[in-house]
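Please open the structure in the viewer and keep the sequence panel visible. The tour below proceeds by selection, one stop at a time.

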Amino acid sequence: MYCEDDLVPISALQHILFCERQYALIHIEQVWEENRFTAEGKVLHERVDVEHHESRRLFRQEYGIAVRSLERGLIGKCDLVELHLAPNGGVADAVPVEFKRGRNKEEDVDRVQLCAQAFCLEETFKVPVAVGQLYYLQEHRRTTVDIDGPLRAKTMELVARIRQLQSAGTTPPAVYEKRTCDRCSLLELCMPESAGSGGKRVDRFVQSQIRATREECGQ
Ligand code: SF4
């Protein structure tokens, strides 16, 4: 069992799967830069959070609920959870639904996030969560994702890797990859194509740039 202070944010899973350096910059160095993709994602989630709650007999929709698993060491928020109730009022089934901008992706970035939410719901409601759903804005439909063994294993491997990087406190070096870097909100700060940006901490780089600018201005 993990304690409250030692929980991994579910959002970190998509960052580490996208790029280990991006994960470290955001979650270890606390660097964040908004770009079009992150801004659109934020607006979408804000819209989801103000949606109404639908409730029928034996069915309930809960938007924007905070979840955690002390057993797996995870904490986060579900865009939507659909709860199917048993006649005695208990939860018989829980389905997490995650809203995403864009289209279904080849990488598992969205699926691991859904799986981590499923872990939390299983612990909260004491029911197995067999599926989750992803709703992509551009596709206007839900895709059902099996929360199967391989996805569960992959998700827990990522959590273990996050804990490794957290305890080491190091930021992996920058390696330019067109597929990820060109979509990365931290491209300008990370500078993967600049020789020597390597494993340097971005906050040190930013500080050195501020010092250089001040010197130029005679401050
Ligand atoms: S620019 Fe590339 S190497 Fe740097 S954090 Fe983003 S994806 Fe990773």
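Begin by selecting glutamine 61, which is found in strand β3 (residues 59-69); strands (E, at least two residues) and helices (H or I, at least four) are DSSP runs, numbered from the N terminus. This is a predicted model, in which local features need pLDDT of at least 70 and side-chain atom pairs count only at pLDDT 80 or more, while totals for chains, interfaces and linings use all residues. Residues are numbered from 1 along each chain as its sequence is written, and side-chain values use heavy atoms, with hydrogens and water left out.

Is glutamine 61 buried or exposed? Glutamine 61 counts as buried because its relative accessibility is 7%; buried means under 20% relative accessible area, exposed over 50%, and partly exposed in between (1.4 Å probe, protein chains only). Next, add glutamate 82 to the selection: its side chain makes a polar contact with the side chain of glutamine 61, at 2.8 Å. A polar contact is a pair of N or O atoms within 3.5 Å; within protein, one must be able to donate a hydrogen and the other to accept it, and residues adjacent in sequence count only if both atoms are side-chain atoms.

Now move to arginine 111 in helix α4 (residues 109-125). Arginine 111 also counts as buried, because its relative accessibility is 18%. Leaving aside residues up to four places away in sequence, arginine 111 touches Asn104, Lys105, Glu106, Leu134, Val145 and Leu151, where contact means heavy atoms within 4.5 Å.

Finally, display the whole protein, which has eight helices and seven strands. Of its 219 residues, 42% count as buried.
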